[in-house]
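Hi everyone, thanks for making time. I'd like to walk you through a structure that is new to most of you, so have a look at it first.

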Amino acid sequence: MPSGKKQKKTAPGKKSGKKSGKDRNLKKAAACIIFLVILTLLLGIMINEALKKKNTESQKQVAAVPEVLRKPIPTVKEQKLPDREILTPSEKKDLNDVSKPEKKYSGKLPLVAIIMDDMGHDQKLAEKLLSLNAEFTFSILPFSTHKIKIAEMARAKGLEVLIHLPMEPLDYPAVSPGQGALMTTMSPDELMSKLNENLDAVPNIKGVNNHMGSKMTASSEQMNQIFSGLKKRGFFFIDSRTTPDSKARSSARLFHVPYAERDIFLDSVQDSEAIRKQIRLLINKAETKGAAIGIGHPYPLTLQILEEELPEILKKVNLVPASSLVRTEG
């Protein structure tokens, strides 16, 4: 037999101690990995369920809010000027004096100024208005599409041009007054900067009247700021009277800014007979006071009725520029 030490044989089915320890470590690692995977899945499920619950609660809360308040408030750049706006829901009240005149004006023919608001978007309709050869006053929205061209056409016809100054209505943000609007949330510096931006938008204007503004014109402090800016420019102001709470008159008196108020809205209701009735009321008002201011808007129906009624209007009143009817109070 060969000499030397006999090699120790490992019994079949048995592993060395070293290899067995490595296997145990691998099993532990695998168990940890499986545990972590299961834990991650459970956490994911829990988080997903929590998010679903939160989303459901949010949807219930949103559903309880009126639809108009769910809409995000547009930025100034996103806002689009309404093409033809008459009054917002809060402003759409009959603020006209519908009484018959108790006595007639005893002088010559009474004076009437008809301001056409919301001008600047529809050039063709502006051209048709100009073709009537009547003494209308054009009030142009400061950021409207054809503002410069329409202003130039009006001045070429000898008509007076105003800035239709956008102001915050009570219905904001459900109703937007459009780009450049003066808002009650603005600081004094922001308000004056925005005012000057509006007043610079159309050259050679004579004065201003408000676009919407049922909330802004009721703010005494901010109207005083606005009128201080108008005073520096030498502009007059005509209050469209979209609210009976307007403080414009007292601001005009304080700053000695030439001032007047709208007497009649001609076309708050887009109906032929309703517009004819408002024209009669305007004439009645002028016959009572000696002068009156009416405000219309660039609607095709308004243009049609004005064209039909113009011969009768001119028999009873003299049409004049808006500046003829403003007065400096105090």
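Before anything else, the naming: helices (H or I, at least four residues) and strands (E, at least two) are DSSP runs, numbered from the N terminus. With that, here's a small detail to start: helix H6 is followed by Gly-234, which has a positive phi, near 75 degrees.

Now the fine print. What you see is a predicted model, where local features need pLDDT of at least 70 and side-chain atom pairs count only at pLDDT 80 or more, while totals for chains, interfaces and linings use all residues. Residues are numbered from 1 along each chain as its sequence is written, and side-chain values use heavy atoms, with hydrogens and water left out.

Okay, the overall picture. The chain has 9 helices and 9 strands. Of its 330 residues, 42% are buried, and buried here means under 20% relative accessible area, with exposed over 50% and partly exposed in between (1.4 Å probe, protein chains only). Take contacts, meaning heavy atoms within 4.5 Å, between residues at least 6 apart in sequence: 75% of them join residues at least 24 apart.

Let's go to strand E3, residues 160-167. How many of the residues of E3 are buried? It's 8 of the 8, so E3 is largely enclosed by the rest of the structure. In a regular strand the side chains alternate between the two faces of the sheet. Here both faces are covered: Glu-160, Leu-162, His-164 and Pro-166 sit on one side, and Val-161, Ile-163, Leu-165 and Met-167 on the other.

Who are the neighbours? Strands count as paired if DSSP finds at least two bridges between them. E3 pairs in the parallel sense with strand E2, residues 136-140, over 4 bridges, and Thr-137 stands opposite Glu-160 there. E3 also pairs with E4, again parallel, over 6 bridges, with His-211 in E4 as the bridge partner of Pro-166. From E3 the chain crosses through H5 to E4, and that β-α-β crossover is right-handed. Right-handed means that, with the strands pointing away from the viewer, the path from the first strand over the helix to the second runs clockwise. E2, helix H4 (residues 147-156) and E3 make a right-handed β-α-β unit as well.

On to strand E8, residues 291-296, where 5 of the 6 residues are buried. E8 runs parallel to strand E1, residues 111-119, and the two pair over 6 bridges; Leu-111 is opposite Ala-291. E8 is also joined to the parallel strand E7 (residues 264-265) by 2 bridges, and in E8 the partner of Ile-264 is Gly-294. With helix H8, residues 272-289, in the middle, E7 and E8 form a right-handed β-α-β unit.

Back to H6 for a second. H6 has 14 residues and reaches 20 Å from first C-alpha to last, close to the 20 Å expected at 1.5 Å a residue; that expectation is 1.5 Å times one less than the number of residues. Its buried residues include Met-223, Ile-226, Phe-227 and Leu-230. What covers the buried residues of H6 includes E3, H5, E4, E5 and H7.

So what about the core? By a nonpolar core I mean a set of buried Ala, Val, Leu, Ile, Met, Phe, Trp, Tyr and Cys residues joined through side-chain atoms within 4.5 Å. The largest has 60 residues, and those touching the most other members are Ile-114, Leu-129, Phe-136, Phe-138, Ile-226 and Phe-237. H8 gives the most to this core, with 6 residues. Apart from it lies another core, of 13 residues, among them Ile-115, Leu-162, Ile-295 and Val-320.

Last, the backbone oddities. Most residues other than glycine have a negative phi, and most peptide bonds are trans. Now look at Met-212 in strand E4: not a glycine, yet its phi is positive, about 60 degrees. Is Met-212 buried or exposed? Met-212 is buried, because its relative accessibility is 3%. His-256 has a positive phi too, about 55 degrees, but sits in the loop between H7 and strand E6, partly exposed at 37% relative accessibility. And the bond from Tyr-172 to Pro-173 is cis, with omega near 10 degrees; you'll find Pro-173 in the loop between E3 and H5.
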